[in-house]
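Reader: Could you take me on a close look at the ligand site in this model? I would like to know what surrounds the ligand and which contacts hold my attention there.

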Amino acid sequence: MGEGRLDFSRLVSFYERLEATTKRLEMRDILVELFRESEPGEAGKIAYLTLGELYPPHTGVELGMAEKLAIRALRLVSGVDEQRVEELLRKTGDLGLVAEQLLSSKKTQMTLSLEELTVEKVYGQLERIARFAGEGAMEMKVKTLSGLLAQASPKEAKYLIRLVTGKMRLGVADMTIIDALAAMSGGGKEEIERAYNLCSDIGLVASTVKSAGVEGASRIGMRFGIPVRPMLAERLTSAEEILGKLDGTGFAEYKYDGERMQIHKQNSHVLIFSRRQENITSQFPDVVEMCRRGLKAREAIAECEAVAYDPDTGDMLPFQELMHRRRKYDIEKAAQLYPVSLFFFDALYVDGQPLIDLPLLERRKMLESILEPSENFRLTEGIVVSDSENLDKFMLKAVEAGCEGVIVKDISPKSVYRAGARGWLWIKYKRSYVSKLTDTLDLVVVGAFYGKGKRSGKIGTLLMAAYDEDADVFKTVCKVGTGFKDEDLEHLTETLTPIALSRKPARVESIMEPDIWVRPEMVLEIVGDEITLSPIHTCGWGAIRQDAGLAVRFPRFTGRYREDKTPEDATTVKEIMEMYKSQLKVIASGEESEAA
Ligand code: AMP
């Protein structure tokens, strides 16, 4: 059996089955079958394609051809004019379905004379389409796509179009693929997940598991230029609870309100990766220079928070100011107008030595030893705390300094760097949680309702969900229609309408039926007055009371689009349940003091 034997039509038959189910376990079993049938060389490509991608995120190469171009290619192969295609698109909202329809009704199918498309061939052509750049690129993209479509069956065309336009949306998550690879190998989920967390490359992991098994995957390690998936924090709302969780002692650090950066340095070569593993080096030439000078190791992977500051006063500025740095042009000018300070909090790798399995304070010592500190380039402020009074005092200091609160970290021998995991080794304690009125939540848009009156025809209200990490689904927690400016509603209508789905996405659990469903993608910051029991929201369903979930009362959009967060980084169902419980305590203790 040679490489690349899987027909694209076979892959498509698996996609049809995946699309027909919303059950994660069924999805996993279908994927197991699919990976069993694939060669090692194909497995990686299949993993990317199934997620609607071509490469891992740090490469920056994405599918996402403009719909207009795809329509032109469709016109070329079907002979139907663009207007008609656009009309059909308005009806179905899915250019993939339109392609299927057009090719099925085409009288003169030429596919008989042509050879079958294979996964290898399709992937190769998609790579070409993604990479054409510069003069004549559009024409080449259209030509290559129409070449593929001419050989495709109607069903194949449906997925080809969804793939090139970046709208695959099978409802399969990266963790479902990991589960499938483990199930196929008869175990080893932990090793496979670890490999994925260290290289953030699902294709590399899939092809390695196929060719060298779980054992091969466990040899995947950290490498310069390959971002490690970040360790994440849980949250609690009181100093006592936090110290209780950490067996009485922890390392409290300021929680700076900026953007997380993972710095990779090799000699004078510096790369910067975002929290979502994108390569953002080109946007921060100042950070590159600071790291070249300030990180003394020959080779290092270290993490810091970059915070905007006012060059006139030296004061730290809120997170929003950093948005000015997300641009393609005038980068040097922006770097001068909106300079950043770097606060380092972890070292993952130094001069050939992986550090992630060392306890926190040892990693910090190593970090300190390679840092040449200056005013805007230093370690995070931090102290070891063992009593809640000191922790609360430190928290106030942090807030006074312009931070969001603190992160308290485990310092026991088990306090390793757990890549890609949210866990109790790091616990955030944000100031806003102290006062229940200013809690902010980061929630995921899963649906929308059209407005009435002045807002009719435009999106006016959003259905928001929290992330349930155990089930890997999104559960609704409120409808939000306040806090949006006219521009926000314009923007939301423009962004959400084209990605509307006619039925509930696989990973969403909802009792409410919005006017349109949207794939969980966009994260917004929401404030609310309190959390209440709710008969219509699925977040925390049955956990507090039978037949009730939890809802945010009087939710408002704060104006902050959390573009730095993936939907899986959103506030979790567990966190909302904790907030609900701690709020009850606040009310209870308020009543006590009144009685006293
Ligand atoms: P959140 O985004 O609310 O889940 O909080 C976690 C984020 O806080 C991390 O991803 C970092 O970007 C940021 N952060 C700020 N200060 C620290 C610190 N001292 N240690 C770890 N993370 C920090």
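Author: Happy to! Please keep in mind that this is a predicted model. Let's begin with the make-up of the surroundings: the shell around the ligand consists of 9 charged residues, 5 nonpolar ones and 1 polar one. Among these 15 residues, the ones that come nearest are Glu253, Arg260, Glu305, Lys409 and Lys428.

Where in the fold does the shell come from? Three strands each give at least two residues to it: β2 (250–255), β10 (405–409) and β11 (422–430).

Now for the polar atoms, which you may want to find in the viewer. Lys428 has a polar side-chain atom 2.6 Å from an oxygen atom of the ligand. Arg260 also faces a ligand oxygen, with an N or O atom of its side chain at 2.8 Å. For Lys409, the partner is a nitrogen atom of the ligand, and the distance to an N or O atom of the side chain is 2.8 Å. On its own, the ligand has 490 Å² of accessible area, and the protein covers 95% of that. As for the space that the ligand takes, this is the second largest pocket.

Since charged side chains came up, here is a short look beyond the site. Across the whole structure, a search finds 47 salt bridges. One of them pairs Lys45 with Glu120, whose closest N and O atoms are 3.1 Å apart. This pair connects distant parts of the chain, 75 residues apart: Lys45 belongs to helix α3 (residues 40–50), while Glu120 belongs to helix α7 (residues 119–131).

Note on methods. Residues numbered from 1 in each chain as written. Predicted model: local features only at pLDDT ≥ 70, side-chain atom pairs only at ≥ 80, totals over all residues. Heavy atoms only, no water. Near = heavy atom within 4 Å. Polar contact = N/O pair within 3.5 Å; in protein donor to acceptor, adjacent residues only side chain to side chain. Areas by Shrake-Rupley, 256 points an atom, 1.4 Å probe, with all protein chains shown as cover. 1 Å grid on protein atoms, 1.4 Å probe; cavity = no way out; pocket = protein on both sides within 12 Å on 5 of 7 lines; lining within 4 Å. Sits in = over half its atoms within 2 Å of the grid points. Helix = DSSP H or I, 4+ residues; strand = E, 2+ residues; numbered from the N terminus. Nonpolar A, V, L, I, M, F, W, Y, C, P; charged D, E, K, R; others polar. Salt bridge = Lys/Arg side-chain N within 4 Å of Asp/Glu carboxyl O.
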